[in-house]
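Subject: Structure handover

Hello,

Here is the structure we talked about. Please open it alongside these notes.

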Amino acid sequence: MNIIAFSNQKGGTGKTTICVNLAAGLVKLKERVLIIDLDPQGNSTVSVGINLKFDDLTVREFILGEVRIEDVMVDSYIGDLSILPSNPDLAHLELELSNKSKNQFYLKKAIENSLDVLNSFDYIFIDCPPSLSLLTVNGLCASKYVIIPVLADFLSLQGLTNLLETIDMIKKKLNPELEILGIIPNMLDYRLKITEESLSLLREKFKDKVFKNVIKVCSRLRESPSYGKTIFDYAKNSQGAIDFINLAKEIKRRLK
Ligand SMILES: Nc1ncnc2c1ncn2[C@@H]1O[C@H](COP(=O)(O)OP(=O)(O)OP(=O)(O)O)[C@@H](O)[C@H]1O
Ligand SMILES: [Mg+2]
């Protein structure tokens with residue numbers, strides 16, 4: 001079982017899009033995947049077609065150890081893709097945990113207590129919020145790997161340096177196991193000069209840590225969440241679908 005966090009404190013770099021569509025790509029390659037939606041925005045929950053009712057249980061109760069994983073876990077419309085859903089209630093968790101000791105390890109503990117169920121999955125994907133909040137720290141402390149989606153522009157590359165420092169600090173102080181599985185350039189638009197420039201800068205600086213398969217800009221990817229469908233069901237012949245199946249194969253190779 002591989003636990004992978006999708007993280008970048010910068011908003012809108014594609015954490016959710018990549019988490020959801022890469023998960024669906026791996027399911028196409030016969031893997032079982034669980035997504036943990038660790039973002040109060042609940043974007044990955046909605047992206048796989050789940051609309052929670054007001055009083056439905058969420059990942060919040062799971063993290064607090066108040067319920068069993070089976071009570072929270074929902075099967076998505078795709079067999080072999082399940083999710084621990086979230087909604088804006090999750091935002092309260094930060095406060096609820098704030099005065100507890102070892103509050104960085106609540107998700108890790110909840111996962112360890114549910115291994116009998118979780119061991120049946122090949123991958124656990126954690127979709128982190130756009131911040132370096134306690135929720136994100138919980139995500140990074142519970143993971144073996146982190147995948148970092150970045151955009152190919154100047155400000156995104158600048159933000160990347162801060163993120164790498166934070167990950168380094170978490171590795172030193174809280175989770176020595178944590179490894180960067182890779183950096184995924186997203187929303188690439190090759191008509192722009194900055195795209196090639198940023199990509200070569202990234203590859204020069206981070207070498208093999210940058211995935212070979214990148215995700216190009218694709219309007220179908222932007223549309224699919226509003227239909228609650230992954231790219232393979234919304235637009236199976238699109239550039240996005242091709243990019244994500246290639247990326248899924250690369251991830252499998254990296255983890256062999
Ligand atoms: N390759 C792509 N081509 C076109 N649109 C994309 C692509 N990747 C992501 N998007 C769109 O960009 C927006 C931001 O993506 P997404 O929500 O995945 O980022 P995020 O990092 O999860 O954001 P947040 O930080 O708010 O959690 C969304 O509208 C998404 O549909
Ligand atoms: Mg997101």
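Start in the sheet, at Ile36, which stands opposite Leu84 in strand 4. Keep in mind throughout that this is a predicted model.

Sheet

Ile36 belongs to a parallel pair: strand 2 (residues 33-37) and strand 4 (residues 81-84) are joined by 4 bridges. The whole sheet is open and has 7 strands. Their order is 3-4-2-5-1-6-7, and the pairing is mixed. Strand 3 (74-75) and strand 7 (179-186) form the edges, each pairing on one side only.

Is strand 7 mostly covered or mostly open? It is mostly covered, with 6 of its 8 residues buried. Its partner is strand 6 (residues 145-151), and the two run parallel over 7 bridges. Within that pairing, Leu151 has Asn186 of strand 7 as its bridge partner.

Core

The largest nonpolar core holds 68 residues. Ala23, Phe125 and Ile126 have the most contacts inside it. Helix 1 is the top contributor to this core, giving 8 residues.

Ile126 is worth a click. Setting aside residues up to four places away in sequence, Ile126 touches Ile4, Ala5, Phe6, Ile36, Leu38, Gly139, Ala142 and Ser143. Ile36, the residue opposite Leu84, is thus back in view as one of the contacts of Ile126.

Helix 8

Why call helix 8 (residues 134-141) largely enclosed? Because 7 of its 8 residues are buried. They are Leu135, Thr136, Val137, Asn138, Gly139, Leu140 and Cys141. The cover over them includes strand 1 (2-6), strand 5 (123-127) and strand 6. Helix 5, helix 6 and helix 9 (154-173) are also among the covering elements. Gly139 of this helix is one of the residues that Ile126 touches.

Gln104

Next, look at the loop between helix 5 (91-98) and helix 6 (106-112), where Gln104 is found. Is Gln104 buried or exposed? Neither fully: Gln104 has 19 other C-beta atoms within 10 Å, and burial takes 20 or more, so it counts as partly exposed. Leaving aside neighbours within four places in sequence, Gln104 is in contact with Val137, Asn138, Cys141 and Leu174. Val137, Asn138 and Cys141 are buried residues of helix 8. Leu174 is 70 residues away from Gln104 along the chain, yet their C-alpha atoms are separated by 8.2 Å.

Ligand 1

There are 19 residues around ligand 1. Which come nearest? Gly11, Lys15, Thr16, Thr17 and Pro130 do. Two elements give two or more residues to this shell: helix 1 (15-28) and helix 11 (219-223). Helix 1 gives the most, with 3 residues. By class, the shell has 7 nonpolar, 9 polar and 3 charged residues. So far as helix 1 goes, note both roles: it gives the most to the shell, and it gives the most to the core.

Helix 13

Last stop: helix 13 (residues 239-255), with 17 residues. From first C-alpha to last, helix 13 reaches 25 Å, close to the 24 Å expected at 1.5 Å a residue. Its buried residues are Gly240, Ala241, Asp243, Phe244, Ile245, Leu247, Ala248 and Ile251. Helix 1, helix 11 and helix 12 (231-234) are among the elements that cover them. Helix 1 and helix 11 are also the two that give two or more residues to the ligand 1 shell.

Over to you.

Best wishes

How values were computed:
Residues are numbered from 1 along each chain as its sequence is written. Chains are lettered from A and ligands numbered from 1 in the order in which they are written. This is a predicted model: local features need pLDDT of at least 70, side-chain atom pairs count only at pLDDT 80 or more; totals for chains, interfaces and linings use all residues. A residue is near a molecule or strand if its C-beta atom, placed from the backbone, lies within 6 Å of it. Ala, Val, Leu, Ile, Met, Phe, Trp, Tyr, Cys and Pro count as nonpolar, Asp, Glu, Lys and Arg as charged, and the others, Gly among them, as polar. The expected span of a helix is 1.5 Å times one less than its number of residues. A residue is buried if 20 or more other C-beta atoms lie within 10 Å of its own, exposed if 12 or fewer, and partly exposed in between; C-beta atoms are placed from the backbone. Two residues are in contact if their C-beta atoms, placed from the backbone, lie within 7 Å. A nonpolar core is a set of buried Ala, Val, Leu, Ile, Met, Phe, Trp, Tyr and Cys residues joined through C-beta atoms within 7 Å. Two strands pair if DSSP finds at least two bridges between them.
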